[in-house]
Amino acid sequence: MAAQILQLRPLGNTGLKLSSVGFGASPLGKVFGDVSEQDAFAAVREAFHLGVNFFDTSPYYGGTLSEKVLGKALKALGVPRDQYIVSTKCGRYKEGFDFSAERVTKSIDESLERLQLDYVDMLQCHDIEFGSLDQIVNETIPALLKLKQAGKIRFIGITGLPLGIFTYVLDRVPPGTVDVILSYCHYSVNDSTLEDLLPYLKSKGVGVISASPLSMGLLTEAGGPEWHPASSELKAACRAAADHCKEKGKNISKLALQYSLANTDISSILVGMKSVKEVEENIAAALELATAGMDEETLSEITDILKPVKNQTWPSGIQQS
């Protein structure tokens, strides 16, 4: 197993190379249930040893807890800073949204303190559809450029659910200003609409990170959480697909992750992880895809089951209190 290594993929024009599987640190903020610090540290350590070099967090996750725990866990690795890539976000907080230049400028200092770092590799405006996109273009991104000049951040990104926000912003900022976008729930077995945007993003030299390959829990045996904003029709179809996999002795989550990983135009697939077991399962799925490929037969069967709801999305909403 040690001989196999997780694929590294270039991120747009940044010069960074991200592991194909990225470590989503929102669960470290206890967003999805309790996590002991010991388990969090062990998960980060195991991910790093298995070739994951990209860790993503936000001050919003767990009301700053995710950043604090990730910071401690990375420090505990005891490896040089250039061995891992850290992304955090700004503009979305437990208290609400604030994309003002003043707030995001203060935000990075708070984040660096919690993460115990001198700089982050990426700072991303978090869920920009909840703010004014014109403010993002005219005020927030210019403020982030100053932080870049100050050496506090290396690259600038934007995140959100509706894909139209990315073209809106990228068409209005100078080329090379925004280095990366983080999209979620739009490159998975049930919704691959991000694919249509990839040529445009490539033409702009913008790197692409896709999160939530399991559609926020829909593509799991347990199904999505109570608060999941998908329609009952979409939930039912995903449940049917998961049951079909289970009857065949297959795991829908593994297949869903492999489907997302198979598109190498996406630099990294971010997966929320909070235990060594989850880390090992996700990395094993990625390595198996690289060596043996995926179960195309089962994939086409679940694609058929999901066909009536394919690319059905939901209105962006605040899912976590």
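This note sets out, point by point, some features of a predicted model.

1. Annotated span. An unreviewed UniProt entry lists residues 21-289 as "domain: NADP-dependent oxidoreductase". In the model, helix makes up 41% of this span and strand 17%. The C-alpha atoms at the two ends of the span are 12 Å apart.

2. Packing of H3 and H4. Two packed helices are described by the angle between their axes and the distance between the axes. For helix H3 (residues 101-115) and helix H4 (residues 133-149), the axes come within 9 Å and cross at roughly 35°. The crossing of H3 past H4 is right-handed. On the H3 side, the contact is made by Ala101, Val104, Thr105 and Ile108. On the H4 side, Glu139, Thr140, Ala143, Leu144 and Leu147 take part. By residue class, the contact divides into 6 nonpolar, 2 polar and 1 charged.

3. Thr140, within this contact. Thr140 lies in helix H4, and it is buried, because its relative accessible area is 0%. Apart from neighbours within four places in sequence, Thr140 is in contact with Phe99, Val104, Cys125 and Gln135. Of these, Val104 is also named among the H3 residues of the helix contact. Thr140 and Lys152 are 12 residues apart in sequence, and their C-alpha atoms are 15 Å apart in space.

4. Glu139, beside Thr140. Is Glu139, also of helix H4, buried or partly exposed? Glu139 counts as partly exposed, because its relative accessibility is 30%. When residues up to four places away in sequence are not counted, Glu139 touches Ser100, Ala101 and Asp134. Ser100 is 39 residues from Glu139 in sequence, with a C-alpha to C-alpha separation of 6.7 Å. Ala101 is one of the H3 residues that make the contact with H4.

5. Gly157 in strand S9. Gly157 is found in strand S9 (residues 153-160). With a relative accessible area of 0%, Gly157 is buried. Its contacts, leaving out residues up to four places away in sequence, are Leu123, Gln124, Cys125, Val178 and Val180. Cys125 is thus named here and also among the contacts of Thr140. Gly157 and Val206 lie 49 residues apart in sequence, while their C-alpha atoms are 9.1 Å apart.

6. The loop between S11 and H7. Ser215 is found in the loop between strand S11 (207-211) and helix H7 (232-247), and Met216 has its place in that loop as well. Ser215 is not a glycine, yet it has a positive phi of about 55°. Met216, likewise not a glycine, has a positive phi of about 55°. Ser215 counts as buried at 0% relative accessibility. Met216 has a relative accessible area of 17% and is buried, because the cut-off for buried is under 20%.

7. Gly223, further along the loop. Gly223 is also placed between S11 and H7. With a relative accessible area of 27%, Gly223 is partly exposed. Gly223 touches Gly217 and Leu218, residues up to four places away in sequence not being counted. Between Gly223 and Gly272, 49 residues apart along the chain, the C-alpha separation is 15 Å.

8. Helix H9. Helix H9 (residues 276-292) has 17 residues. From its first C-alpha to its last it reaches 23 Å, close to the 24 Å expected at 1.5 Å a residue. Which residues of H9 are buried? They are Val279, Asn282, Ile283, Ala285, Ala286, Leu287 and Leu289. Their cover includes strand S3 (21-24), helix H1 (37-49), helix H8 (252-261) and strand S12 (268-272). Just after H9, Gly293 takes a positive phi of about 80°.

9. Ser26, between S3 and H1. The loop joining two of the elements that cover H9, S3 and H1, contains Ser26. Ser26 is buried, because its relative accessible area of 15% is under the 20% cut-off. Not counting residues up to four places away in sequence, Ser26 touches Val31, Phe32, Asp56, Tyr61 and Ser66.

How values were computed:
Residues numbered from 1 in each chain as written. Predicted model: local features only at pLDDT ≥ 70, side-chain atom pairs only at ≥ 80, totals over all residues. Heavy atoms only, no water. Axes fitted to C-alpha atoms, helices over the stretch in contact; angles between N-to-C directions. Helix = DSSP H or I, 4+ residues; strand = E, 2+ residues; numbered from the N terminus. Left-handed = near helix turned anticlockwise from the far one by under 90°. Contact = heavy atoms within 4.5 Å. Nonpolar A, V, L, I, M, F, W, Y, C, P; charged D, E, K, R; others polar. UniProt positions renumbered as here; feature names shortened; annotations may be inferred. Buried < 20%, exposed > 50% of the residue type's maximum accessible area, 1.4 Å probe, protein only. Expected span 1.5 Å × (residues − 1).
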